[in-house]
Amino acid sequence: DGYTKNIVTGADDDARAKMFNIRPDILLTNNEGLSVRLIYEHSYAFDTTALGLNNPDGFEGMTALAALFGLEKPIIATKPWQTSANSEPINRNVGDSGAAILNWEMSDELTLKNVTSYRADKNRFLADADLSQLSFFDVGNDVFYRTFSDEMTLNGKIGKLDYVAGLYYYRGKVWDADNGRAVFFGQPSTG
């Protein structure tokens, strides 16, 4: 957890940053040259300390400007740390991963090792992009990442020759949830 200090009001804005990781793992062996290590990791990061740069007091003089763009009145954030579209800013990353590491000493001259790994991450972002109290431009998006990899190596010895042979496979995917949004002058636009 963390906080920032509001230099205007002197208040501590708690809960603007929260981050934690957990990573348990277990090692299993059979005392005959075979071992398997299983690892899991969960990570969470939420940091909005620099995203909400709005003044909840508003501007009376902006009503005429809003009328030029067809709005009855400008949309102004009503709480600290909100975007001008009255949404709290978000910059959140959540990740989960797992790995399995197999090590098998098949003989004095031959060892097989395999490392399999999977990771999934989600990112949600929403912020006031024009850095003003009015809803000229807000942006938001959800993005997802997934990766899978597997590496197998064979270490051996034939006479005086030491060798390593291996295979590696990787597949990654990144996609946008297609819910990206931008708000121009209080009017949402999606893409």
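Tutor: A residue counts as exposed when its relative accessible area is over 50%, as buried when that area is under 20%, and as partly exposed in between. The model discussed here is predicted.

Student: Is Asp 162 buried or exposed?
Tutor: Asp 162 is located in strand β8. Its relative accessible area is 56%, and the cut-off for the upper class is over 50%. Asp 162 is therefore classed as exposed.

Student: Which residues does Asp 162 touch, not counting residues up to four places away in sequence?
Tutor: Asp 162 belongs to strand β8. With residues up to four places away in sequence set aside, Asp 162 touches Gly 156 and Lys 157.

Student: What distance separates the C-alpha atoms of Asp 162 and Leu 110?
Tutor: Along the chain, Asp 162 and Leu 110 are 52 residues apart. In space, the separation of their C-alpha atoms is 9.9 Å.

Student: In what order do the elements of the protein run from the N terminus on?
Tutor: The secondary structure consists of 1 helix and 10 strands. Starting at the N terminus, the order is β-β-β-β-α-β-β-β-β-β-β.

Student: What percentage of the 191 residues of the protein count as buried?
Tutor: The protein exposes about 12400 Å², of which carbon and sulfur atoms supply 57%. To count as buried, a residue needs a relative accessible area under 20%. Among the 191 residues, the share that counts as buried is 26%.

Student: Among contacts between residues at least 6 apart in sequence, what percentage join residues at least 24 apart?
Tutor: The contacts considered are those between residues at least 6 apart in sequence. Of these, the share joining residues at least 24 apart is 59%.

Student: Which residue in β4 is the bridge partner of Ile 26?
Tutor: Strands β3 and β4 run antiparallel and are joined by 5 bridges. In β4, Ile 26 has as its bridge partner Leu 38.

Student: Which residue in the turn of the hairpin formed by β3 and β4 has a positive phi?
Tutor: The hairpin of β3 and β4 has 4 residues between its strands. Most residues other than glycine have a negative phi. The turn nevertheless holds a residue other than glycine with a phi near 60°, and it is Asn 31.

Student: What is the relative accessibility of Asn 31?
Tutor: Asn 31 is placed in the loop between β3 and β4. Asn 31 counts as exposed, because its relative accessibility is 76%.

Student: Which residue forms a salt bridge with Arg 37?
Tutor: The structure holds 3 salt bridges. In one of them, the closest N and O atoms are 3.5 Å apart, and Arg 37 is joined to Asp 25.

Student: How many residues apart in sequence are the parts that Arg 37 and Asp 25 tie together?
Tutor: Arg 37 is partly exposed at 32% relative accessibility, and Asp 25 is partly exposed at 39%. Arg 37 lies in strand β4 (residues 34-47) and Asp 25 in strand β3 (residues 25-29), so the separation of the parts they tie together, in residues, is 12.

Student: How far apart are the closest N and O atoms of Arg 119 and Asp 121?
Tutor: Arg 119 is partly exposed with a relative accessible area of 25%, and Asp 121 is partly exposed at 21%. The two form a salt bridge in which the closest N and O atoms lie apart by 3.0 Å.

Student: Is Asp 142 buried or exposed?
Tutor: Asp 142 forms a salt bridge with Arg 124, with 2.6 Å between the closest N and O atoms. The pair links distant parts of the chain, Asp 142 in strand β7 (residues 138-158) and Arg 124 in strand β6 (residues 110-128). Arg 124 is partly exposed at 36% relative accessibility. Asp 142 has a relative accessibility of 6%, so it counts as buried.

Student: What is the angle between the planes of Phe 144 and Trp 175?
Tutor: A search of the whole structure yields 3 aromatic pairs. In the stacked pair of Phe 144 and Trp 175, the centres are 5.6 Å apart and the angle between the planes is 20°.

Student: In which strand does Trp 175 lie?
Tutor: Phe 144 is partly exposed at 24%, and Trp 175 is partly exposed at 27%. Phe 144 lies in strand β7, so the pair ties together parts 31 residues apart in sequence, with Trp 175 in strand β8.

Student: Which residue lies over the face of Trp 175?
Tutor: A charge sits over a ring only within 6 Å of the ring centre. At 4.8 Å from the ring centre of Trp 175, the residue over its face is Lys 173.

Definitions and conventions: Residues numbered from 1 in each chain as written. Predicted model: local features only at pLDDT ≥ 70, side-chain atom pairs only at ≥ 80, totals over all residues. Heavy atoms only, no water. Salt bridge = Lys/Arg side-chain N within 4 Å of Asp/Glu carboxyl O. Helix = DSSP H or I, 4+ residues; strand = E, 2+ residues; numbered from the N terminus. Buried < 20%, exposed > 50% of the residue type's maximum accessible area, 1.4 Å probe, protein only. Pairing = 2+ DSSP bridges. Contact = heavy atoms within 4.5 Å. Areas by Shrake-Rupley, 256 points an atom, 1.4 Å probe, with all protein chains shown as cover. Phe/Tyr/Trp six-rings, centres within 6.5 Å; stacked < 30°, edge-to-face > 60°. Lys NZ or Arg CZ within 6 Å of the ring centre and 35° of its normal.
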